[in-house]
Amino acid sequence: MEEKVYKTMGGAGAMNIVLGVISIAVGLASGVLLIVSGARLLAGKSRILF
């Protein structure tokens with residue numbers, strides 16, 4: 001019984017580490033995309049005529 005709990009805890013810990021790395025990568029990528037798109041909007045603001 002104790003061995004099964006030990007293996008389950010090991011698997012859960014590994015899964016948490018993997019999900020953490022994936023969420024950091026996705027968060028970083030989306031942050032960069034938001035910064036780039038914001039900069040393009042600000043740069044194109046001067047070309048708008050009313």
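Helices (H or I, at least four residues) and strands (E, at least two) are taken here as DSSP runs, numbered from the N terminus. The model is predicted, so that local features need pLDDT of at least 70 and side-chain atom pairs count only at pLDDT 80 or more, while totals for chains, interfaces and linings use all residues. Residues are numbered from 1 along each chain as its sequence is written, and side-chain values use heavy atoms, with hydrogens and water left out.

**Exercise 1.** Determine how many helices and strands the protein chain has, and why it is described as more spread out than a compact globule.

*Solution.* The protein chain has one helix and zero strands. Its radius of gyration, taken over C-alpha atoms, is 22 Å, well over the 10 Å that the globule rule (2.2 Å times the number of residues to the power 0.38) gives for 50 residues, so the chain is more spread out than a compact globule. Along the principal axes, the C-alpha atoms fill a box of roughly 75 × 15 × 5 Å.

**Exercise 2.** Locate G13 and state its exposure class.

*Solution.* G13 lies in helix α1. Exposure classes rest on relative accessible area (buried under 20%, exposed over 50%, partly exposed in between; 1.4 Å probe, protein chains only). Because its relative accessibility is 29%, G13 counts as partly exposed. From the C-alpha atom of G13 to that of I35, 22 residues apart along the chain, the separation is 33 Å.

**Exercise 3.** Identify the residues that meet in a salt bridge, and relate their positions in helix α1.

*Solution.* A salt bridge requires a side-chain nitrogen of Lys or Arg within 4 Å of a carboxyl oxygen of Asp or Glu. The structure holds one such contact, in which the side chains of E3 and K7 meet at 3.7 Å, N to O. E3 and K7 are four residues apart in helix α1, and therefore about one helical turn separates them. Both E3 and K7 are exposed.

**Exercise 4.** Describe the nonpolar surface patch that includes V26, and the UniProt feature at residues 17-43.

*Solution.* A patch is made of residues with over 30% relative accessible area and no salt bridge, joining like charges within 9 Å and nonpolar side chains (Val, Leu, Ile, Met, Phe, Trp, Tyr) within 5 Å. M15, V18, L19, I22 and V26 form such a nonpolar patch, with about 460 Å² of accessible area together (Shrake-Rupley method, 1.4 Å probe). V26, found in helix α1 (residues 2-44), counts as exposed because its relative accessibility is 54%. The unreviewed UniProt entry places a "transmembrane region" at residues 17-43, an annotation that may be inferred rather than shown by experiment. Over residues 17-43 the chain is 100% helix and 0% strand, with the end C-alpha atoms 39 Å apart.
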